[in-house]
Amino acid sequence: MQAPIKTALCAALCGAFLSLPLQAAGQAAVQAPAPAPEQATRYPMPAPGDDFYAFANHEWLQHTEIPADKSAWGAGGQLAEETNNRIRQMIEGLVADKNAKGEARKVADFYATFMDEAAIEAKGLEPIKPVLAKIDAIRDRKGLTQALGQSLRADVDPLNATNFYTENLFGIWIAQGLTEPTRYTPYILQGGLGMPDRAYYVDTSERMAGLRAKYQEHIAAMLTLAGYDNAAARAARVMELERKLAESHATREDSANIQKSNNPWTLKDFAAKAPGMDWNALFKAARLSGQKKFIVWHPGAMTGAARLVGSEDLSTWKDWLAFHQLNHFASTLPKAMSDQKFEFTGRALRGTPQQSVRWKRGLSATNAALDEAVGHLYVDRYFPAENKARIQQMVKNIVAAFDKRVDKLDWMAPATRAEAKAKLKTLYVGVGYPDKWKSYAGLTVKPGDALGNAMRAEEFHYAQELSKLGRKVDPKEWAMPPHLVNAINMPMQNALNFPAAILQPPFFDPKASDAHNYGAIGAVIGHEISHSFDDMGAQFDSRGRLRDWWTKDDAEHFKSASQALVKQYDAYKAFDDLALNGQLTLSENLADLAGLAASHDAFRATLPSGASVEDADREFFRGFAQTWRTKTREQALRAQIVTDGHAPGPWRTYTVRNLDAWYKAFDVKPGQKLYLAPEQRVRVW
């Protein structure tokens, strides 16, 4: 089975709310009532069968505006903001506590140094001058290759988080082998672009052409601020280099296809298949020279990049390196640099009118540098043990419900069913926080050295990841810190993570009814469990190996049912000129559908005798819809639709169209905009 790759719930928890054209099978597109995307606007409450998203979130949509420093705002964003305020207070308390020791001291010093804007301004560009001087000293291709290799970091994760982006020429990911789950393997991915994706460089639309012009202006502005002469000409050459890199890049859809990404290469393969660069020298500089085998996620990009390293003017590559160092570390440099980066990445790319206040950026930087150290402190203060126990019971109930669904599938062959049940039986579910915490003993944090702290943190993380090579795989390793509002399925580990921060209202409320909690966090739990059986997860067996364990007939049935969901989402249009991509979002849409259904089954099993099923179901489905309440600026929504494997929030809410119980609970009838005839409702699991 071939499939796009799923991601963490993440982007997930951002989303969009604009006027929503709906098109059911056999119907013409119709306009659902909706407020303007960024304003609090009063409008009549629609019937649930016409727009369930707007019905369930009516009050919130009428009274909510996107904060000026955000490109999107919703349930996940609000919870993250509340969580970040707690963490800010916690860290500022540590800054003031002269007795704080160990990792708490490192967290405090990193944050305090980032927050000392006066000291950063006083130093000017002095901290980054040695970095720029080293680039300026490159005299030949050998020096260029060494610099490119030294810049590589473990900064991508194409499978668990669908994070394909890096400003470095290549991205490195250390994980289990796709067919060898007991050993760690280095993966190498395409990179080197300053804009989010190749589409921004090759799309001929007027909007994309405008963004390219603004990006080139941004490159010139950053180089000017750093004191480079002829900045406009340099920027034009850097832009042209990136355009050529982008031409060799895989599309977002191809990046998300696991079968196209499983390309084992030896060192000899790099020289033969991607000539033009000294790969031995690159890997030596990247501390990967001892590796005999890599998995190349983007073969075409390797070939294209190597050719350009060998052919493009050395001075252009040096300007490219200098710009990306300045751009990547802008937040630790003087305000003019940071403001200029926001002018492009915030205003132009995302439509965000105002940059986040300094403490929010400081918290983000600290989280990136010392994620589990911050998470450990957070859990100790804010995550009650009783919450963990209750969630663990919900997980147990939803896994059992999914197991029963597998038993009832009349189309599934016994061999396929046995492996599916084995995946459920061996599934590891981490709730709240990891069983074993990372150590930051080897990380040096120096008060007063904002840029150095950021660079050392990235180097430390890279060294931690490289140290896995040759070691036994830890199947219970976490992929995200406990204080992140998110959840994730890791197919090669056959494991789930539910961080402590998402186990709060509106996703989990210990004071709320089971109906609400199963509709909210229960659907999230079901979603992540279901990723083990979506169009991508179903390609991995119970041991985490990429293996076809489906019979031909089972695979065909699954593919046919999946394509019905692709068509359903292809019919949604966010704008007159931009529809959703049902294939790109298929994994997430399948997980939404199967997860909601399994959570509903588990919830129904907990209902006491004599309880009103319809009343309980209404609360369940409202709980689900309210977790997806979101508003998004137009630029950000367009970027999400083009690059993100998640459908925006409103359209995820419309998953309910495929569940019979929703129709009965809200008396949805033929002729209403969301109505699907029973034979048109997608049923997979």
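# Questions about cavities, a pocket, a strand and two helices

Visitor: About how much space lies in the largest cavity?
Guide: In this predicted model, the cavities of 30 Å³ or more come to a count of 4. The space that lies in the largest cavity is about 90 Å³.

Visitor: Which element gives the most residues to the lining of the largest cavity?
Guide: The residues that line the largest cavity include T113, D116, A119, I120, K123, G448 and L451, and two elements, α5 (117-123) and α22 (450-466), give two or more residues to that lining. By class, the lining of the largest cavity holds 5 nonpolar, 4 polar and 3 charged residues. The element that gives the most, with 3 residues, is α5.

Visitor: How many residues in the lining of the second largest pocket are charged?
Guide: The second largest pocket holds about 460 Å³ of space, and of the 18 residues that line this pocket, those closest to its centre are K436, K438, R471, D474 and E477. When the lining of the second largest pocket is divided by class, 4 residues are nonpolar and 3 are polar, while the number of charged residues is 11.

Visitor: Is strand β8 largely enclosed by the rest of the structure or largely open, and which residue of β10 is the bridge partner of V429?
Guide: Because 4 of the 5 residues of strand β8 (residues 428-432) are buried, this strand is largely enclosed by the rest of the structure. β8 pairs with strand β10 (residues 495-499) in the parallel sense, over 5 bridges. Within β10, the bridge partner of V429 is L496.

Visitor: How far apart are the end C-alpha atoms of helix α20?
Guide: The buried residues of α20 include N387, I391, M394, V395, I398 and F402, and what covers the buried residues of this helix includes α21 (414-426), β8, α23, α24 and α26. At 1.5 Å a residue, the 24 residues of α20 (residues 385-408) should span 34 Å, which agrees with the distance between its end C-alpha atoms, 35 Å.

Visitor: Which elements do the buried residues of helix α27 pack against?
Guide: Helix α27 (residues 613-626) has 14 residues that should span 20 Å at 1.5 Å a residue, and this agrees with its end C-alpha atoms, which are 20 Å apart. Its buried residues are A616, D617, F620, F621, G623, F624 and A625. An α-helix has 3.6 residues a turn, so residues three or four places apart point the same way. The elements that the buried residues of α27 pack against are α1 (52-56), α23 (514-519), α24 (521-530), α26 (586-606), α29 (649-653) and α30 (660-666).

Conventions:
Residues numbered from 1 in each chain as written. Predicted model: local features only at pLDDT ≥ 70, side-chain atom pairs only at ≥ 80, totals over all residues. Heavy atoms only, no water. Buried < 20%, exposed > 50% of the residue type's maximum accessible area, 1.4 Å probe, protein only. Pairing = 2+ DSSP bridges. 1 Å grid on protein atoms, 1.4 Å probe; cavity = no way out; pocket = protein on both sides within 12 Å on 5 of 7 lines; lining within 4 Å. Points joined across faces, edges and corners; volume = space filled by probe spheres on them. Nonpolar A, V, L, I, M, F, W, Y, C, P; charged D, E, K, R; others polar. Expected span 1.5 Å × (residues − 1). Contact = heavy atoms within 4.5 Å.
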